[in-house]
Amino acid sequence: MVKVAVLGYGNIGSGVVQVLSMNRECIKKTAGQEVEVKAVLDLREFPGDPMEDKVVHDINQIIENPEIEIVVETMGGTKPAYQFVKACLEAGKSVATSNKELVAKHGAELMRIAEEKNINFLFEASVGGGIPIIRPLNQCITSDEVYEITGILNGTTNYMLTNMAKKGMTFDAILKKAQDLGYAERNPEADVEGFDACRKIAILSSLAFGAQVDYEDVYTEGITAISDVDMKYAAKLEKAVKLFGTSKKVDGKIYAMVSPVMVGEEHPLYSVNGVMNGILVRGDVIGDLMFYGAGAGKLPTASAVVADVVEEVKNPKRTTMRRWSEEKLELENFEDAVNAFFVRVSGTPEQRSAELESVFGPIEVVMADGIEGEFAVLTTEMTEAEYKQKAEQVPGILNRIRLAK
């Protein structure tokens with residue numbers, strides 16, 4: 001029997017305990033032996049809970065307990081999660097975590113420590129909830145050179161954008177509904193400003209390209225500027241607006257960004273709607289691979305954590321994770337990235353088409369039903385720096401959204 005400790009008995013932590021209990025026999029069969037929760041670390045008490053007698057408040061009771069071989073971290077954030085996880089690894093205990101912030105900031109170091117101790121630091125649940133993406137990148141696509149990873153990595157913003165498009169809801173109205181349904185936090189900044197997706201694309205980029213991608217270096221733009229008016233233009237163009245986290249290798253240079261994009265129905269991520277996530281991986285040999293599923297939620301995320309626990313049970317003295325270098329990967333200047341743009345401007349095509357074409361070059365004019373006093377144009381491809389310079393010459397720009405390739 002392998003004994004496990006869980007750090008943090010919140011939504012995901014309690015889900016891990018639930019999955020270990022409800023699928024006990026299946027897990028035993030797959031892992032080769034039974035897995036039992038020995039301790040749960042939390043500041044709170046849980047009277048009447050099945051784990052009531054196993055709750056501890058001191059991390060040292062876990063670190064110093066030789067019976068505990070595997071630790072599950074579901075606390076979130078980096079303080080005190082980083083210190084606790086590092087101490088557990090140094091004590092020779094494998095760790096499975098769902099903590100994207102921890103992995104994005106300290107993953108390379110923690111994987112190195114695990115490798116030095118011949119144990120594992122696994123984090124399948126840190127990206128995409130229940131979608132298996134970390135393990136395929138680590139184990140199944142190793143003969144390919146990955147040159148692009150693009151994902152819808154945040155279910156909250158995807159739910160909001162889907163409903164703005166399908167039901168004509170305003171940003172404020174759908175945000176309130178998302179909060180009422182529990183999809184968005186009371187403070188939704190991490191989701192709507194793109195920070196959650198940024199950390200996830202940094203993790204995927206680090207794994208794909210083999211060196212540390214700091215999420216602070218990833219250009220990040222959320223969905224707060226997207227309106228129901230933008231959605232009417234998108235419908236006219238038979239496109240959808242999505243929040244993409246993207247990392248690309250172009251001529252040996254790596255670009256990464258998070259931003260809203262307009263995608264056509266030919267794009268593999270076009271039909272990923274609601275709270276679902278989708279991740280597109282492009283390799284030089286394998287071509288396009290799509291990963292789709294529940295990107296969040298108590299049990300889907302817990303299932304991914306437990307899958308890591310099972311792998312750690314099966315590999316007690318062998319590191320299975322191919323770690324990335326602690327050396328920082330320098331991303332290319334975001335302003336050198338090339339995109340085409342959807343641009344909304346005030347006025348009419350009759351008044352302004354010639355002016356816009358003189359600045360942006362060839363354009364396609366777009367009108368949306370029921371929208372007066374403005375129109376939109378689609379530009380050809382140009383660098384971000386070129387767009388910025390050209391846009392400064394055009395008064396009355398109401399919004400712009402990148403066009404996905």
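Q: Which residue has its charged end over the ring of Tyr215?
A: Keep in mind that we're looking at a predicted model. Here a charged end sits 4.9 Å from the centre of the Tyr215 ring. The residue it belongs to is Arg199.

Q: Which residues touch the most other members of the largest nonpolar core?
A: This core takes in 89 residues. Apart from it there's another core of 28 residues, with Val37, Val72, Val306 and Val309 among them. Back in the largest core, the residues touching the most other members are Ile62, Phe121 and Leu204.

Q: Is Phe121 buried or exposed?
A: Leaving out residues up to four places away in sequence, Phe121 touches a list that includes Val85, Leu89, Leu110, Met111 and Met321. Its relative accessibility is 1%, and the cut-off for burial is under 20%. Phe121 therefore counts as buried.

Q: How many aromatic pairs does a search of the whole structure find, and what kind is the pair of Tyr9 and Phe46?
A: The search turns up eight aromatic pairs. For Tyr9 and Phe46, the ring centres are 4.9 Å apart and the planes stand at 90 degrees. Anything over 60 degrees goes down as edge-to-face, so this pair is edge-to-face.

Q: Which parts of the chain does the pair of Tyr9 and Phe46 tie together?
A: Both Tyr9 and Phe46 are buried. The two parts are 37 residues apart in sequence. Tyr9 lies in the loop between strand E1 (2-7) and helix H1 (11-22), while Phe46 lies in the loop between strand E2 (35-41) and strand E3 (55-56), so the pair ties together those two loops.

Q: What kind of pair do the rings of Phe121 and Phe123 make?
A: Their centres are 5.7 Å apart, with the planes at 45 degrees. Stacked needs under 30 degrees and edge-to-face over 60. The angle here falls in between, so the pair is tilted.

Q: Which residue forms one aromatic cluster with Phe121 and Phe123?
A: Phe123 has a relative accessibility of 1%, so it counts as buried. Phe121 is likewise buried, at 1%. The cluster has one further member, and that's Trp324.

Q: Which element gives the largest share of the lining of the largest cavity?
A: A search of the whole structure finds two cavities of 30 Å³ or more, and the largest holds about 50 Å³ of space. Its lining includes Phe123, Ile134, Arg135, Asp308 and Met321. Helix H6 (134-140) and helix H12 (298-314) are the elements that give two or more residues to this lining. The largest share, four residues, comes from H6.

Q: Which lining residues are the closest to the centre of the largest pocket?
A: About 1,100 Å³ of space lies in this pocket. The elements giving two or more residues to its lining are H1, helix H5 (100-116), H7, helix H9 (189-192) and helix H10 (195-209). Of the 44 lining residues, the closest to the centre are Ile12, Lys100, Glu185, Asp196 and Ala296.

Q: Which residues is Thr157 in contact with, leaving aside its neighbours within four places in sequence?
A: Thr157 lies in helix H7 (residues 155-167). At 1% relative accessibility, Thr157 counts as buried. Its contacts are Asp191, Val192, Ile223 and Leu243.

Q: How far apart are the C-alpha atoms of Val377 and Arg318?
A: Val377 sits in strand E17 (residues 374-379) and counts as buried at 0% relative accessibility. Along the chain, Val377 and Arg318 are 59 residues apart. In space, their C-alpha atoms are separated by 56 Å.

Q: Where does Tyr387 lie, and is Tyr387 buried or exposed?
A: The element that holds Tyr387 is helix H14 (residues 384-391). Not counting residues up to four places away in sequence, Tyr387 touches Phe341, Val343, Phe360, Met382, Ile397 and Arg400. With a relative accessible area of 6%, Tyr387 is buried.

Q: Which residues does a cis peptide bond join?
A: Omega is about 5 degrees at this bond. Its proline lies in the loop between strand E4 (68-73) and helix H4 (81-90). The joined residues are Lys79 and Pro80.

Q: Is Glu238 buried or exposed?
A: Glu238 isn't a glycine, yet it has a positive phi of about 60 degrees. The loop between helix H11 (228-236) and strand E10 (239-250) is where Glu238 lies. Its relative accessible area is 57%, so Glu238 is exposed.

Key: Residues are numbered from 1 along each chain as its sequence is written. This is a predicted model: local features need pLDDT of at least 70, side-chain atom pairs count only at pLDDT 80 or more; totals for chains, interfaces and linings use all residues. Side-chain values use heavy atoms; hydrogens and water are left out. A nonpolar core is a set of buried Ala, Val, Leu, Ile, Met, Phe, Trp, Tyr and Cys residues joined through side-chain atoms within 4.5 Å. Buried means under 20% relative accessible area, exposed over 50%, partly exposed in between (1.4 Å probe, protein chains only). Contact means heavy atoms within 4.5 Å. Rings of Phe, Tyr and Trp (its six-membered ring) pair if their centres lie within 6.5 Å; planes under 30 degrees apart count as stacked, over 60 as edge-to-face and the rest as tilted. A charge sits over a ring if NZ of Lys or CZ of Arg is within 6 Å of the ring centre and within 35 degrees of the ring normal. On a 1 Å grid over the protein atoms alone, a cavity is a set of points where a 1.4 Å probe fits but cannot get out, and a pocket is an open set with protein on both sides within 12 Å along at least five of seven lines; lining residues have an atom within 4 Å of a point. Grid points are joined across faces, edges and corners, and a volume is the space filled by probe spheres set on the points.
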